[in-house]
Amino acid sequence: ASAKAEMTMQDVRSVEASLADPLFLEDGCVTETTDPELGKIRTFGAAYKMSATPGKLGTHAPKVGEHTAAVKAEGEKAKSTSVPAAKGEKKIKRPLEGITVLDLGLAIAGPFGAQLLADMGANVIKINGLFDLFWHRVHIAYMANRGKKSITLNLKDPRAMKILLDLVAKADIVQHNMRYDAAERLDRKSTRLNSSHITIS
């Protein structure tokens with residue numbers, strides 16, 4: 001039904017039922033591991049993938065202290081082999097530092113994805129509509145908007161659209177999870193605004 005409506009939605013299910021979904025396993029957000037004590041189990045998979053450091057899933061949860069010696073040895077090795085930054089070169093503290101992301105996401109899926117970018121150092125600006133107050137009063141907002149700046153815009157007002165377009169022009173990434181027809185309407189509206197040369201005094 002959700003595919004026919006062109007909406008990404010799922011029934012509210014228990015964690016156990018969600019972990020049993022074969023589509024989640026195929027997507028990689030759920031993974032199967034073999035635990036030495038419990039046998040084959042399903043757990044949450046990777047929330048995101050990085051090309052240079054892809055990580056590896058599928059191992060069992062470590063026992064307390066299982067890898068302590070190896071992690072300490074790796075840390076000591078990193079201290080002794082670290083290369084200082086070139087003279088005048090700015091040292092980047094987080095992977096996405098310096099990247100600006102506009103988050104037009106709704107509810108949870110879009111905002112959660114942008115929150116992951118914020119966690120990795122991106123400057124994320126959440127664009128809220130006047131109708132978004134409901135979401136910001138519930139747990140969804142607390143778990144999907146950490147680390148962001150935000151602004152509320154009434155996009156039916158041409159002045160607010162002008163502000164949005166100015167932000168878009170300065171952004172590296174614009175993220176949304178609107179239905180296709182809603183995104184297309186917004187695009188047409190922005191095109192009309194650009195062609196009318198509206199100025200705000």
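Which elements make a right-handed β-α-β unit? In the predicted model described here, strand β3, helix α4 and strand β4 make this unit. The elements that surround the unit, and the contacts between them, are described below.

The protein comprises seven helices and six strands. Read from the N terminus, these elements follow the order α-α-β-β-α-β-α-β-α-β-α-β-α. Of the 201 residues in the protein, 23% are buried.

Strand β3 spans residues 100-103. T100 and L102 point one way from β3, whereas V101 and D103 point the other way, and all of these residues are buried. Strand β3 is paired with two other strands. Strand β4, made up of residues 123-128, runs parallel to β3 and is joined to β3 by four bridges. Within this pairing, T100 has N123 of β4 as its bridge partner. Strand β6, residues 173-175, also runs parallel to β3, and three bridges join these two strands. Here D103 has Q175 of β6 as its bridge partner.

Helix α4, the helical part of the β-α-β unit, covers residues 109-119. One of the residues in α4 is Q115. Q115 counts as buried because its relative accessibility is 2%, below the cut-off of 20%. The side chain of Q115 reaches the backbone nitrogen of A144 at a distance of 3.4 Å. Helix α4 also contains D119, whose side chain meets that of R146 in a salt bridge with an N to O distance of 2.7 Å. Because R146 lies in the loop between α5 (139-144) and β5 (149-152), whereas D119 lies in α4, the pair ties together parts that are 27 residues apart in sequence. Both partners count as partly exposed: the relative accessibility is 45% for R146 and 36% for D119.

Strands β1 (residues 30-35) and β2 (residues 39-44) form a hairpin with three residues between them. The two strands run antiparallel and are joined by six bridges. In this arrangement, T34 stands opposite K40 of β2. The hairpin also carries a salt bridge between R42 and E32, in which the closest N and O atoms are 3.0 Å apart. This pair links distant parts of the chain, with R42 in β2 and E32 in β1, ten residues apart. R42 is partly exposed, with a relative accessible area of 27%, and E32 likewise counts as partly exposed, at 31% relative accessibility. A network of salt bridges links E32, K40 and R42. The count of salt bridges comes to ten.

D35 is found in strand β1. How is D35 placed with respect to side chains of opposite charge? D35 is buried yet has no salt bridge, and the nearest side chain of opposite charge, that of K63, is 7.6 Å away. This separation does not meet the criterion for a salt bridge, because the nitrogen and the carboxyl oxygen must lie within 4 Å. The side chain of D35 instead reaches backbone nitrogen atoms: that of E37 at 2.8 Å and that of L38 at 2.9 Å.

K63 is itself engaged in a salt bridge, in which its side chain meets that of E37 at 3.7 Å, N to O. The pair links distant parts of the chain, with K63 in the loop between β2 and α3 and E37 in the loop between β1 and β2, 26 residues apart. E37 is exposed, with a relative accessible area of 63%. E37 thus takes part in two contacts described here, its backbone nitrogen being reached by the side chain of D35 and its own side chain meeting that of K63.

Helix α3 comprises residues 68-81, 14 residues in total. From its first C-alpha to its last, α3 reaches 20 Å, close to the 20 Å expected at 1.5 Å a residue. Helix α3 is hardly covered, as the count of buried residues among its 14 residues is zero. By contrast, the residues of strand β3, from T100 to D103, are all buried.

How values were computed. Residues are numbered from 1 along each chain as its sequence is written. This is a predicted model: local features need pLDDT of at least 70, side-chain atom pairs count only at pLDDT 80 or more; totals for chains, interfaces and linings use all residues. Side-chain values use heavy atoms; hydrogens and water are left out. Buried means under 20% relative accessible area, exposed over 50%, partly exposed in between (1.4 Å probe, protein chains only). Two strands pair if DSSP finds at least two bridges between them. A crossover is right-handed if, with the strands pointing away from the viewer, the path from the first strand over the helix to the second runs clockwise. The expected span of a helix is 1.5 Å times one less than its number of residues. Lys and Arg count as positive and Asp and Glu as negative; His and the chain ends are not counted. A polar contact is a pair of N or O atoms within 3.5 Å; within protein, one must be able to donate a hydrogen and the other to accept it, and residues adjacent in sequence count only if both atoms are side-chain atoms.
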